[in-house]
Amino acid sequence: MGNALITGTNKGLGLGLTKNLLNKGYKVFATCRNIEKARELEELSKRFPEKLIILQVDAVETNAGEKISKFLNGEPIDLFLNNAGVIGPGIQRFGAVTSPDWLEVLRVNLIAPLLISQSLIKNIEKGLEKKMFFLSSKVGSISDNTGGGMYIYRSSKTALNQVIKSLSIDLLSKGISVIALHPGWVRTDMGGPNALISIEESVNGMATVISKKSLDDTGKFFNFDGKEIPW
Ligand SMILES: NC(=O)c1ccc[n+]([C@@H]2O[C@H](COP(=O)([O-])OP(=O)(O)OC[C@H]3O[C@@H](n4cnc5c(N)ncnc54)[C@H](OP(=O)(O)O)[C@@H]3O)[C@@H](O)[C@H]2O)c1
């Protein structure tokens, strides 16, 4: 197994994906924005001292990508998982949207993933798997939007999907696959306690998708159970 880099790993799906990949034998470079809030991750690094490398970086800090790339010091990255994300304010209906709330969500969910990808591309080119997966959301699918509302979060993931599509085209000649993943509605801090599935169920499903999908599937959007989602 090679090297993986995952963003937003102190809790939720990022922590679950980190555990899953460590158990598979990957060396994981795990980013989190506040090590003091990453107790479980630090405990995990005691079990995997050679294999889990924690890097404190806020996805939206200036030059976050350069900071990660400098830290990697030329190491190849076989698998990049952009997981860090925010949902934004509780109320996002028509009439309640404000510009500062929206911009904050776009910075984390849309802008940071592309800027970090730009900085990591040399490392990914050196990897054997050459895979980039982005945690998107089904609510970002325009075809699937029958409920309306949720302007801030929905639009951030719809725009991320467009970035993923362009990346898949631009990076095809380098043999790099770029894929959007919906983790399901998951019981995390973001998904809430009434969500439909556990972190383990989502992560096991996503890990299977990640291992099976490759360049033939680049530029597509998959559910955690492997079904394709229309854009
Ligand atoms: N849960 C669901 O039902 C669901 C459904 C569809 C899609 N997703 C997507 O799945 C991904 C993971 O979600 P989750 O449910 O695991 O959410 P979560 O439990 O809220 O975890 C989000 C992670 O992102 C990190 N993060 C947020 N802003 C960051 C920043 N500026 N810099 C670095 N890290 C940052 C958080 O760190 P802090 O703890 O420091 O805030 C945390 O580690 C997200 O992209 C989300 O949109 C989730």
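A crossing of two helices is called right-handed if the near helix is turned clockwise from the far one by less than a right angle. With that convention in mind, and remembering that the model in the viewer is a predicted one, begin with the helices.

Select helix H1 (residues 12–24) together with helix H6 (residues 199–212), whose axis lies 9 Å from that of H1 at an angle of about 55°. Because an angle of that kind falls outside the ranges for roughly parallel, antiparallel or perpendicular packing, H1 counts as oblique to H6. Viewed with either helix in front, the crossing of H1 and H6 is right-handed.

Keep H1 selected and add the ligand, since H1 contributes three residues to the surrounding shell, the largest share. The residues around the ligand number 28, and those that come nearest are Gly-8, Gly-12, Gly-85, Thr-188 and Gly-191. Colouring this shell by class will show 12 nonpolar, 11 polar and five charged residues.

Next, select strand E2 (residues 27–32) and strand E3 (residues 52–56), which run parallel and are joined by five bridges. One pair to pick out is Cys-32 with its bridge partner in E3, Gln-56. Tracing the chain from E2 to E3 leads through helix H2 (residues 39–47), and this β-α-β crossover is right-handed.

Finally, select helix H4 (residues 99–126) and helix H5 (residues 151–170), whose axes come within 9 Å and cross at roughly 15°. Because this angle is under 35 degrees, H4 is roughly parallel to H5, and the crossing of H4 and H5 is right-handed.

Terms used:
Residues numbered from 1 in each chain as written. Predicted model: local features only at pLDDT ≥ 70, side-chain atom pairs only at ≥ 80, totals over all residues. Pairing = 2+ DSSP bridges. Helix = DSSP H or I, 4+ residues; strand = E, 2+ residues; numbered from the N terminus. Right-handed = clockwise from strand over helix to strand, strands pointing away. Near = placed C-beta within 6 Å. Nonpolar A, V, L, I, M, F, W, Y, C, P; charged D, E, K, R; others polar. Axes fitted to C-alpha atoms, helices over the stretch in contact; angles between N-to-C directions. Parallel < 35°, antiparallel > 145°, perpendicular 65-115°, else oblique.
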